[in-house]
Amino acid sequence: MASLPRMTTVLVVDDETNIRSIIRAAVESDGGTVFEAATAASGLELARRERPGLVVLDLGLPDMDGLDVCRSIREWSSTPILVLSARHSDQEKARLLDAGADDYLTKPFSTLELQARIRAQLRRARMGPVPGGDTPVSTSGLTIDLARRSVTRDGNLVHLTPTEWDLLRALVSHAGRTMTHHQLFDTVWGRHHGDAQQYLRVYVANLRRKLEADPLRPTLILTEPGVGYRFELPGEPALT
């Protein structure tokens with residue numbers, strides 16, 4: 001029987017002790033390591049600290065809806081998310097996938113199916129790490145960590161406004177690829193109307209002043225004239 005890659009870590013977020021025990025036994029028998037959380041808050045903290053290879057997430061958590069947990073993880077990580085739920089509707093499944101889940105397993109489930117789905121998701125995890133999230137971006141004394149929502153320069157915290165942070169997160173999570181003015185405008189401000197270029201010009205200038213060694217000769221946040229902006233990872237060519 002196939003087993004998990006060595007050193008695979010799985011985070012289980014479920015408030016039912018017996019379910020966590022079943023999943024732990026299934027993962028460990030396949031050669032993986034398990035971290036457990038009974039609440040959304042502790043699960044998100046473990047996800048940020050341990051950076052697991054896969055998350056098994058229950059929808060019915062006591063402190064936060066599983067959909068919101070899924071969206072939160074997707075802000076900074078590409079790790080596969082396998083959702084557990086007693087709900088069966090197609091609409092619910094669609095909402096989960098739209099929120100960033102990779103697969104859906106309905107309770108009750110068999111151990112063999114659980115193991116197979118975990119292995120399948122790990123095989124399919126080909127999209128690579130989200131820059132700044134799965135691995136913090138570091139260059140010339142600047143460190144951007146999307147998971148911890150922090151930016152530091154030479155060890156000192158760089159203060160960003162909420163809008164500046166949302167813009168930086170959008171750019172970093174798509175590093176190497178140009179995001180158009182309208183894509184950024186919609187992602188950060190949630191608008192489809194307005195002067196996207198003017199809004200972005202102001203906030204990009206603010207970010208460059210705070211992040212670039214020389215804001216007049218930026219090397220991180222680059223302008224694609226007439227199109228948008230691109231965050232360039234240090235030492236890596238742009239993706240096309």
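What covers the buried residues of α1? In this predicted model, the cover includes four strands, β1 (9-13), β2 (33-37), β3 (54-58) and β4 (81-85), along with the helix α5 (111-124). The residues tucked away under it are Ile-19, Arg-20, Ile-23, Ala-26 and Val-27. Looking down the axis of α1, these buried residues fall within an arc of 130 degrees, so they line one face of the helix. That fits the usual helix geometry: with 3.6 residues a turn, residues three or four places apart point the same way. Over on the other side of α1, Thr-17 and Ser-29 are exposed.

The length of α1 checks out too. Helix α1 runs over residues 17-29, and at 1.5 Å a residue its 13 residues should span 18 Å; the end C-alpha atoms are 18 Å apart, which agrees. After the helix comes Gly-31, with a positive phi near 95 degrees.

Elsewhere there is an open sheet of four strands, in the order β6-β7-β8-β9 and with antiparallel pairing. Its edge strands, β6 (137-139) and β9 (156-157), each pair on one side only. Strands β7 (residues 142-145) and β8 (residues 150-153) are joined by four bridges in the antiparallel sense, and Ile-144 stands opposite Val-151 in β8.

Both Ile-144 and Val-151 turn up again in the largest nonpolar core, which has 52 residues; they are listed with Leu-168, Ile-221 and Phe-231 as the residues with the most contacts inside it. Helix α6 (residues 162-173) supplies the largest share of this core, six residues. A second core, separate from that one, has 16 residues, among them Val-56, Leu-105, Ile-118 and Leu-122.

Technical notes: Residues are numbered from 1 along each chain as its sequence is written. This is a predicted model: local features need pLDDT of at least 70, side-chain atom pairs count only at pLDDT 80 or more; totals for chains, interfaces and linings use all residues. Side-chain values use heavy atoms; hydrogens and water are left out. Helices (H or I, at least four residues) and strands (E, at least two) are DSSP runs, numbered from the N terminus. The expected span of a helix is 1.5 Å times one less than its number of residues. Buried means under 20% relative accessible area, exposed over 50%, partly exposed in between (1.4 Å probe, protein chains only). The arc is that of the directions from the helix axis to the C-beta atoms. Contact means heavy atoms within 4.5 Å. A nonpolar core is a set of buried Ala, Val, Leu, Ile, Met, Phe, Trp, Tyr and Cys residues joined through side-chain atoms within 4.5 Å. Two strands pair if DSSP finds at least two bridges between them.
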